[in-house]
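Colleague: Please give me a close look at one part of this model, the annotated domain. Start with the whole chain for context, and then go through the individual residues that are worth inspecting.

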Amino acid sequence: KTSIKQLYQNTENFSDKDIIINGWIRTNRGSKHFGFIEVNDGTYFKGVQVVYEEDIDNFSQISKLTIATAITVRGKFILTPDSKQAFEIKADEIKIEASADSSYPLQKKRHTLEYLRTIAHLRPRSNTFSAVFRVRSLVAYAVHQFFQERDFVYTHTPIITASDAEGAGEMFHVTTLDLKNPPKNERGDIDFSKDFFDKATNLTVSGQLEAEAFALAFQKVYTFGPTFRAENSNTARHAAEFWMIEPEIAFADLNDDMELAEDMIKYVINYLLVNAAEEMNFFNSFINKGLLDKLNNIVNSDFAHITYTEAIDILTKAKKEFQYPVSWGMDLQTEHERYIAEEVYKKPVFVTDYPKDIKAFYMRLNDDEKTVAAMDLLVPGVGEIIGGSQREERHDILLERMSAVGLNSEDYWWYLELRKYGGVKHAGFGLGFERAIMYMTGMENIRDVLPFPRTVGNAEF
Ligand code: 4AD
Ligand code: MG
């Protein structure tokens, strides 16, 4: 049996050979004496044309086969250098493996992305989603390859945790208690000491705290796993379940962290340009005109660096009305992030040294005592795709920061203890996997880069 990918990659070798392929019908144009089936087998972005003539068994049945019918084709592979396709298969036999009802919704016409979301179980068969999800797979592979080549240890951090790594309180709770009739303590609160883990637990919002523990043993580690946030923001770039890549490096500061992030992004883009040429051309033609030029520029130029204070200055002077007014101390909104990356720099921009009050407790306090050694990477079209920082390695300052934001330090005893035993300076970041895919494909909604998206009010599939 041959895959369509092999036909595209080794075309000459198959010339005039008898081959067998499996796949699903994309189109079938039958006429009186012959017909053409375009068949896709999922191994390659493109399908292959199968020609059948009236001497084939069951000709009249075959000429009526509907889109999505699963077939096995046996026939001769023929190079056709003078026609639109470089090759085709001349069928000797077409066997029907599974029929498809004519109600199949993905008939050969353009569908909106919104409509395709309502058929998430079928949309991977469309061109757009075939490209998106193959790219998703390749980006995951490239990320692993990037870190493994540099001797990072892939670390699996827990999905169920008792901590709130971001201190933002946006967690999905995990419990086995009967919530209709839960045990209560004297204060009338739910008594989680009676729960499965003897305490309240939640789905992880970040693997960072555990990654720090491993970085202080292995020096270079990364996580790559699902992450959950009960953020009630119904936007095109927030999902309740998304994947995050979180490297953590010891004996390293914020500059080392940004260098790593830039190298990683460039590596992955390069990998896609080489290994997903068909898909990237498709995005360039149909999703985001000029995407390939943009990505090539990114790979060949340095990312910009500005401080938060400089960013505020740029935004204040911008000849543009923002929905959210700009002032020092505010968190940057998507409109601000996109303005800086898209209109001012037209490339990825690191923004560093944010006010401590809008960032997480673990970020290292700068000497000005007002800002922290944080960095966000903002990119055109999406806004923030990376958030990272140098970590607060000074035990007492960390303790102070935790109590300032109202975290119970006893719950984080092990995290604090890391600062007592060789807790050298260290840094890390989190790359939102879906946002990276959006950036690299030009897809504009996070729902269209997740196989089965979970967003506010939606867990249909
Ligand atoms: O900026 P965030 O919240 O940083 C952290 O979680 C750190 N613990 C990372 C670290 O330093 N190890 O999230 C990191 C990235 C964001 O830049 C964004 O790309 C993505 O995760 N992200 C989301 N992606 C999709 N849906 C959401 N609700 C997201 N929240 C964050
Ligand atoms: Mg962030």
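Modeller: Start with burial over the whole chain: of the 461 residues in this predicted model, 49% are buried. The C-alpha trace covers about 85 × 55 × 45 Å along its principal axes. The fold has 13 helices and 16 strands. If contacts are taken between residues at least 6 apart in sequence, 67% of them join residues at least 24 apart. The protein exposes about 22,700 Å² to its surroundings, and carbon and sulfur atoms account for 49% of that area. As for charge, there are 52 positive and 69 negative side chains, and the centres of these two sets are 6 Å apart.

Now the part you asked about. UniProt, in an unreviewed entry, lists residues 133-451 as "domain: Aminoacyl-transfer RNA synthetases class-II family profile". The C-alpha atoms at the two ends of that span are 7 Å apart. Helix makes up 36% of residues 133-451 and strand 18%.

R136 is a useful place to begin, since its contacts include residues much further along the numbering. R136 sits in helix α4, residues 127-149. Is R136 buried or exposed? R136 counts as buried because its relative accessible area is 10%, and the cut-off for buried is under 20%. Apart from residues up to four places away in sequence, R136 touches W243, F433, E434, I437, V449, L450 and P451. Among these partners, P451 carries the final number of the span listed by UniProt.

After helix α4 comes a loop that runs to β6 (153-154), and D151 lies in this loop. Phi of D151 is positive, about 65°, although D151 is not a glycine. Most residues other than glycine have a negative phi. D151 is exposed, because its relative accessibility is 60% and the cut-off for exposed is over 50%. For comparison, a positive phi also occurs at A68, near 85°, and A68 is not a glycine either. A68 is placed in the loop between α2 (59-62) and β4 (70-79). Unlike the exposed D151, A68 counts as buried, because its relative accessibility is 11%.

Aromatic side chains come next. The structure holds 29 aromatic pairs. One of them joins Y52 and F59, a tilted pair with 5.8 Å between the ring centres and 55° between the planes. Y52 and F59 are both buried. Within the numbering of the listed domain, ring pairs connect F146, F147, F152, Y154, Y222 and Y267 into a cluster.

I265 is found in helix α6, residues 254-275. With a relative accessibility of 1%, I265 counts as buried. What does I265 touch, not counting residues up to four places away in sequence? The partners of I265 are F303, L377, I385, I386, L431 and M440. I287 is 22 residues from I265 in sequence, and the C-alpha atoms of I265 and I287 are 21 Å apart.

Two partners of I265, namely I385 and I386, have numbers that fall in strand β15, residues 383-390, where S389 is also found. S389 has a relative accessibility of 0% and therefore counts as buried. Leaving aside neighbours within four places in sequence, S389 is in contact with L254, D257, Y362, M363, A373, A374, M375, A427 and G428. L254 and D257, from that list, fall by number in helix α6 (254-275). The C-alpha atoms of S389 and H426 are 8.9 Å apart, with their positions 37 residues apart along the chain.

Finally, L332 shows that a loop position can be buried. L332 is in the loop between α9 (308-317) and α10 (334-345). Its relative accessibility is 6%, so L332 counts as buried. Beyond its neighbours within four places in sequence, L332 is in contact with Y308, I312, L315, E337 and Y354. By number, Y308, I312 and L315 belong to α9, and E337 belongs to α10. L332 and L378 are 46 residues apart in sequence, while their C-alpha atoms are 11 Å apart in space.

Notes: Residues numbered from 1 in each chain as written. Chains lettered and ligands numbered in written order. Predicted model: local features only at pLDDT ≥ 70, side-chain atom pairs only at ≥ 80, totals over all residues. Heavy atoms only, no water. UniProt positions renumbered as here; feature names shortened; annotations may be inferred. Helix = DSSP H or I, 4+ residues; strand = E, 2+ residues; numbered from the N terminus. Buried < 20%, exposed > 50% of the residue type's maximum accessible area, 1.4 Å probe, protein only. Contact = heavy atoms within 4.5 Å. Areas by Shrake-Rupley, 256 points an atom, 1.4 Å probe, with all protein chains shown as cover. Lys, Arg positive; Asp, Glu negative; His and termini not counted. Charge placed at Lys NZ, Arg CZ, Asp CG, Glu CD. Phe/Tyr/Trp six-rings, centres within 6.5 Å; stacked < 30°, edge-to-face > 60°.
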